[in-house]
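Welcome, and thanks for taking a look at this one with me. Have the sequence and the coordinates open side by side, and we can walk through the details together.

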Amino acid sequence: MPWEIWRCTVILATLCMVSGVTLHHSAVDHEWLIWGHRQVWLPDQFWLFVTQWGDAGQSLILLMVIFFDRCVDLALVFKTWLMGIPASVLLKAIDNSARPLSVLESELLNIVGQPPMLGHSMPSGHAMTAGAMAALLFFGFHQKRPWLSMLMLLACGLVALSRLSVGAHWPGDVLTGLGLGWLLVMLAQQWERVQPWATRLTSARSQALIIWLQVFLLVLTWMQPSEGLGMILARMTITAWVLTSVASKWQRQLA
């Protein structure tokens, strides 16, 4: 990626994070969430389906399927997640802000599924995942398939918005998470430039481990309690995608 583009995207991601933190510490943060829940946007099950794709495990499975044969992009995926998990845990512990359901009366929100009441709210982990996915998919496809990259940006934006729609996070949490997720991908690109992993991921052993990791994460996904039809449909979709991909890769290795 050219230096000027990299620098501009880092600046934009940082501004997104700063805006999210500023919003988080203002009264508008609560007002916007309440206002949004007074509107009728889309069916509840739609949001329950969409929000599953912000789960760190499910999104990692999806990206491993998409980028299985593109080792540079796959290296960025792994490095982003390796930085993202501790970053999310650390920032949540530092801020230690309450979630909407522990602050607002339930009558003010249109609760979808079983969003967490306790735990740290800032930043949104699902929005971080959505921001990271948006950056990875955009830079992975914008040259050859710009229409597809824009469609993926829209989908990732819906994933982030779903965290507000189900009542799990404040707007500031989501905006901060989006910027942070995008910034982590930019940092992963610099890490890959200094210490590349792409060549290691081309070996047959590495690819076999990636397949087993997909299967392991898929099992963990189904072990989580179900919250409704939307969640079940999301799990069935990712399962069909993974099983098709795994069968194709095993067939290729045997051939």
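What follows is a short tour of helix packing, charged pairs, backbone details and a surface patch. Please keep in mind that this is a predicted model.

**Two helices and their cover**

Let's begin with helix 8, which runs over residues 171-194. Its 24 residues reach 35 Å from the first C-alpha to the last, close to the 34 Å expected at 1.5 Å a residue. Is helix 8 mostly covered or mostly open? It is mostly covered, as 17 of its 24 residues are buried.

Helix 8 is also one of the partners of helix 2 (residues 28-38): the buried residues of helix 2 pack against helix 1 (3-24), helix 7 (146-165) and helix 8. Those buried residues are Asp-29, Leu-33, Ile-34, Gly-36 and His-37. They lie on the same side of helix 2, because they cover an arc of only 160 degrees around the axis.

**Charged pairs**

How many salt bridges does the structure hold? There are two. As a reminder, side chains of opposite charge can pair when their charged atoms come close.

| Salt bridge | N to O distance |
|---|---|
| Asp-73 with Arg-70 | 3.0 Å |
| Lys-79 with Glu-192 | 2.6 Å |

In the pair formed by Asp-73 and Arg-70, the two partners differ in cover. Asp-73 has a relative accessible area of 15% and is therefore buried, the limit being under 20%. Arg-70, at 30%, is partly exposed.

The other pair joins Lys-79 and Glu-192. Lys-79 lies in helix 5 and Glu-192 in helix 8, so this salt bridge ties together parts that are 113 residues apart in sequence. Both ends are covered: Lys-79 is buried with a relative accessible area of 0%, and Glu-192 is buried with 8%.

**The loop after helix 5**

Now for some backbone geometry. Most residues other than glycine have a negative phi, and most peptide bonds are trans. The loop between helix 5 and helix 6 (125-141) holds Pro-123, and the peptide bond from Met-122 to Pro-123 is cis, with omega near -5 degrees. Asn-96 also has its place in the loop between helix 5 and helix 6. The phi of Asn-96 is near 55 degrees, a positive value in a residue other than glycine.

Which residues does Leu-91 contact, once its neighbours within four places in sequence are left aside? They are Met-122, Pro-123 and Leu-180, so the list includes both residues of the cis peptide bond. Leu-91 itself lies in helix 5 (residues 71-95). Its C-alpha atom is 7.1 Å from that of Pro-123, although the two are 32 residues apart along the chain. With 32% relative accessibility, Leu-91 counts as partly exposed.

**A nonpolar patch**

Our last stop is on the surface. Leu-213, Phe-216, Val-219, Leu-220 and Met-223 make a nonpolar surface patch of about 460 Å². One of them, Leu-213, lies in helix 9 (residues 204-223). Leu-213 has 30% relative accessibility and counts as partly exposed.

Conventions
Residues numbered from 1 in each chain as written. Predicted model: local features only at pLDDT ≥ 70, side-chain atom pairs only at ≥ 80, totals over all residues. Heavy atoms only, no water. Patch = residues over 30% accessible without salt bridge, like charges linked within 9 Å, V, L, I, M, F, W, Y side chains within 5 Å. Areas by Shrake-Rupley, 256 points an atom, 1.4 Å probe, with all protein chains shown as cover. Salt bridge = Lys/Arg side-chain N within 4 Å of Asp/Glu carboxyl O. Helix = DSSP H or I, 4+ residues; strand = E, 2+ residues; numbered from the N terminus. Buried < 20%, exposed > 50% of the residue type's maximum accessible area, 1.4 Å probe, protein only. Contact = heavy atoms within 4.5 Å. Expected span 1.5 Å × (residues − 1). Arc of directions from axis to C-beta.
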